[in-house]
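Here are a few exercises to work through with the model open beside you. Try each one yourself before you read the solution.

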Amino acid sequence: MTIYKVTERFVLHVGYSCNERCDFCYYLQELKNHTTKDWSTEENKKRITLAYKWGKREIDFSGGEPTIRKDLPQLITFAKDIGFSTINVITNGIICSKLDYCRTLQEAGLTEGLFSIHSHSPKIHDSLTHVRGSHDKVMRSLDNFHKLGLKYRVNTVITSYNYSYLNSFFEQLTPYHPATINLIVFNPSETATQVSSESSIRISDYRVIGDAISNALDIWKKHFKIINVRFLPFCFLPNHLDCIRTQWQKFHEDQEWDPILNVGLQKGWFAAIASILAGSFLPTFTPSYSCINIQTRLCKLLSNFRMRLYYRQNSVCKKCAAGPICTGVQRDYVAKYGYPEFVPLQGEKIQDPLHFCKRYPEIFKSLRDE
């Protein structure tokens with residue numbers, strides 16, 4: 001019997017200041033208003049220590065943009081010295097375009113990087129980040145990490161601007177062999193709700209987005225070790241169900257984050273505890289596990305509340321075989337467009353959130369413990 005574990009990774013938002021102004025940024029309004037929250041070196045060290053005591057052994061330094069902080073090498077070394085084995089930086093790649101800086105991070109203890117690349121086209125990428133030359137710099141960052149032997153992964157946010165160029169995007173990345181590519185389907189939820197409901201970057205048709213991703217995966221999936229498609233309902237990618245990652249797979253995935261720590265450190269421990277308690281009283285919106293431990297149970301309760309708050313399923317979703325392990329679509333999308341045309345998957349209800357993930361034991365520790 002499998003004991004589904006919670007990821008050993010947590011994300012440390014060292015501060016929300018940034019040297020880009022991406023259209024889809026969670027903190028865009030704060031950046032524009034110059035009201036972003038930034039934590040001191042000592043505050044961040046306390047949070048790293050707390051996560052280690054919580055049982056985390058992998059850390060993602062994030063922001064905003066963490067590389068704009070002069071204390072980042074110091075924080076990396078601190079994490080390494082107290083026992084973190086995987087130390088990653090999530091970055092837009094502007095400052096990492098300097099080889100000497102990348103070497104400094106590596107000497108401090110950095111083991112990997114996660115780079116944000118939003119198009120093969122410098123014009124499209126730079127228009128989304130609002131920084132001229134940002135595409136050239138992030139591609140140079142990949143070269144630098146490759147030269148230094150550091151592992152690197154890639155995030156791309158799928159918007160109305162770039163979804164139709166996925167084949168060119170994958171073609172550009174092929175020579176780099178990133179360890180993982182994450183396609184993150186954009187629609188505002190949670191902290192991104194300030195993005196205007198009229199914003200032209202927002203997707204308006206899940207079927208169109210799903211078809212574009214599916215067609216690209218038909219060609220390029222075999223060329224990359226791991227491609228994750230985040231926050232797209234299963235029914236819009238029926239030929240590549242093993243690539244889908246909804247919120248229910250997320251907190252078991254080695255490359256993702258502990259949701260309790262994430263909420264507690266970003267929104268406060270009262271919010272985390274209240275979410276867990278609320279999740280225990282709401283009608284169940286959770287898949288059934290064959291066996292769970294207490295940490296998994298708490299994460300399920302918190303996720304139950306957050307999914308009820310931010311996502312929506314309709315009556316068609318209830319008929320879908322993947323309904324119990326799918327989060328549906330964002331509340332924000334339903335309010336603007338209504339429900340998309342779902343085509344439910346046929347068969348018995350799937351209660352195992354990792355049912356389609358069996359081919360990826362390298363990113364799901366739970367699968368290695370069977």
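**Exercise 1.** Find which residues of helix 10 meet which residues of helix 11, and work out how the two helices are oriented.

Solution. Keep in mind that you're looking at a predicted model.
- Start with the contact: from helix 10, I260, L261, V263, G264, L265 and K267 touch W269, A271, A272 and I276 of helix 11.
- Next, sort these contact residues by type: 8 are nonpolar, 1 is polar and 1 is charged.
- Now the geometry: helix 10 (residues 259–267) and helix 11 (residues 269–281) pack with their axes 6 Å apart, at an angle of about 140 degrees.
- Roughly antiparallel would need an angle over 145 degrees, so helix 10 and helix 11 count as oblique to each other.

**Exercise 2.** Decide whether E42 is buried, partly exposed or exposed, then do the same for K45.

Solution.
- Locate the pair: E42 and K45 both sit in helix 2 (residues 41–53), 3 residues apart, or about one turn of the helix.
- Their side chains form a salt bridge, with 3.8 Å from N to O.
- E42 has a relative accessible area of 48%, so call E42 partly exposed.
- K45 comes out at 16%, so K45 is buried, since the cut-off for buried is under 20%.

**Exercise 3.** Repeat this for the salt bridge between D71 and R69.

Solution.
- The closest N and O atoms of D71 and R69 are 2.8 Å apart.
- D71 has 10% relative accessibility, so D71 is buried.
- R69 has 17%, so R69 is buried too.

Key
Residues are numbered from 1 along each chain as its sequence is written. This is a predicted model: local features need pLDDT of at least 70, side-chain atom pairs count only at pLDDT 80 or more; totals for chains, interfaces and linings use all residues. Side-chain values use heavy atoms; hydrogens and water are left out. Axes are lines fitted to C-alpha atoms, for helices over the stretch in contact, and angles run from 0 to 180 degrees between N-to-C directions. Helices (H or I, at least four residues) and strands (E, at least two) are DSSP runs, numbered from the N terminus. Angles under 35 degrees count as roughly parallel, over 145 as roughly antiparallel, 65 to 115 as roughly perpendicular and the rest as oblique. Contact means heavy atoms within 4.5 Å. Ala, Val, Leu, Ile, Met, Phe, Trp, Tyr, Cys and Pro count as nonpolar, Asp, Glu, Lys and Arg as charged, and the others, Gly among them, as polar. A salt bridge is a side-chain nitrogen of Lys or Arg within 4 Å of a carboxyl oxygen of Asp or Glu. Buried means under 20% relative accessible area, exposed over 50%, partly exposed in between (1.4 Å probe, protein chains only).
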